[in-house]
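Thanks for making time this morning. I would like to walk you through one structure, so please have the sequence and the model open as I speak.

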Amino acid sequence: MTFAINNRYRSYNREEWQKFQSSELEILPIEQLTELVSIHDRLSQEDVREVYGPLLHYIEMDYVYLDAFNRSKQSFFDQSIRENGGYRHVPFIIGISGSVAVGKSTVARVLHQLLSETFPERQVQMTTTDGFLYPNEVLEQRGMLRRKGFPESYDMGLLIEFMTHVKTKDSPFSVPIYSHEIYDIVPGEYEIIKSPDILIVEGINVLQLPSNQQIYVSDFFDFSIYIDAEQELIHQWFVERFLLLLEMAKTDPNNYYHKMTHFTREEAIAYADDVWCHINLPNLIQHIKPTRSRADIILHKTHQHLFDFIHVSKY
């Protein structure tokens, strides 16, 4: 293990971590989860039992504690609530961050499914900050298309507005939809987020400080996870994923990657290496990895996307 950040975290290997699994939580069989795995990621029954099971137990502990605290807080400030009840449930928000190609989407989708199935009485929703990227047309006008994914490429004002709305209001909020197939915001399409009990927000920027703002997106989170791995491995996964995306795009002329399917394997690898070295790696080093120490839990991966260590914040 090469992880070194500060004394804020206590580290567990898989064998140690799985001992925190609660016998009271019934976890889904793997057959119902494989369809949630992102391209070139992995998931096994051992992952569910040894990593996600204890993680669910830890999240549930935090959820119950914060729900009780929010009820007490409302009672403290509102006498009518003390006398008549009528508490407003404040959504429990989970943030998931990490590099491009590290497997954030898989973790988000698996957690979403596990939380929904384990606690069917709760409404669990999931969204991604990709929907808050400026459309490609805007990025191109501003000369930022090669800066896509960097902090300035997001409408952080809208993202902060969304997070504030979810925490303080019960009315729905329309979130723009981003498509990886067209590599852009889908015009006129939205997903509706309305008063969830639990909301999972996944994205490379969820732990970052937006420019010209005095508040972090993560200030709205009740629980945060950072997916970590060595840079060389993430680079390898990015290239391998790019090659798979090209293969999948060969028969779809509407796919963003279709125009690159004429590349030879050597040309495709060279292109992916260029994108990694000039866009994704600088973004990781400058803006994503420095936020790692803001996470409550760091899930560290090794070869073949295998989780090997779980780092838990002590405070």
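Let me begin with helix 4, residues 104–118, which in this predicted model lies across strand 2, strand 3, strand 6, strand 7, strand 8 (297–302) and strand 9 (306–313), and which runs at about 170° to strand 6.

The strands beneath our discussion belong to an open sheet of 7 strands, in the order 1-9-8-7-2-6-3, with mixed pairing. Strand 1 (9–13) and strand 3 (124–128) stand at the edges with a single partner strand each, so one side of each is left without a neighbour in the sheet. From one strand to the next, the twist averages 20°.

Now to strand 2, residues 92–98, and its partners. Strand 2 pairs with strand 6 (residues 198–202) in the parallel sense over 5 bridges, and within that pairing Gly 95 stands opposite Val 201. Strand 2 also runs parallel to strand 7 (residues 223–228), to which 5 bridges join it, and here Ser 97 stands opposite Tyr 226.

Strand 6, for its part, pairs with strand 3 in the parallel sense, again over 5 bridges, with Val 124 opposite Ile 198.

How many residues of strand 2 are buried? The count is 7 of the 7, so strand 2 is largely enclosed by the rest of the structure. In a regular strand the side chains alternate between the two faces of the sheet. In strand 2 both faces are covered, with Phe 92, Ile 94, Ile 96 and Gly 98 buried on one side, and Ile 93, Gly 95 and Ser 97 buried on the other.

Definitions and conventions
Residues are numbered from 1 along each chain as its sequence is written. This is a predicted model: local features need pLDDT of at least 70, side-chain atom pairs count only at pLDDT 80 or more; totals for chains, interfaces and linings use all residues. Side-chain values use heavy atoms; hydrogens and water are left out. Buried means under 20% relative accessible area, exposed over 50%, partly exposed in between (1.4 Å probe, protein chains only). Helices (H or I, at least four residues) and strands (E, at least two) are DSSP runs, numbered from the N terminus. Two strands pair if DSSP finds at least two bridges between them. Axes are lines fitted to C-alpha atoms, for helices over the stretch in contact, and angles run from 0 to 180 degrees between N-to-C directions. Contact means heavy atoms within 4.5 Å.
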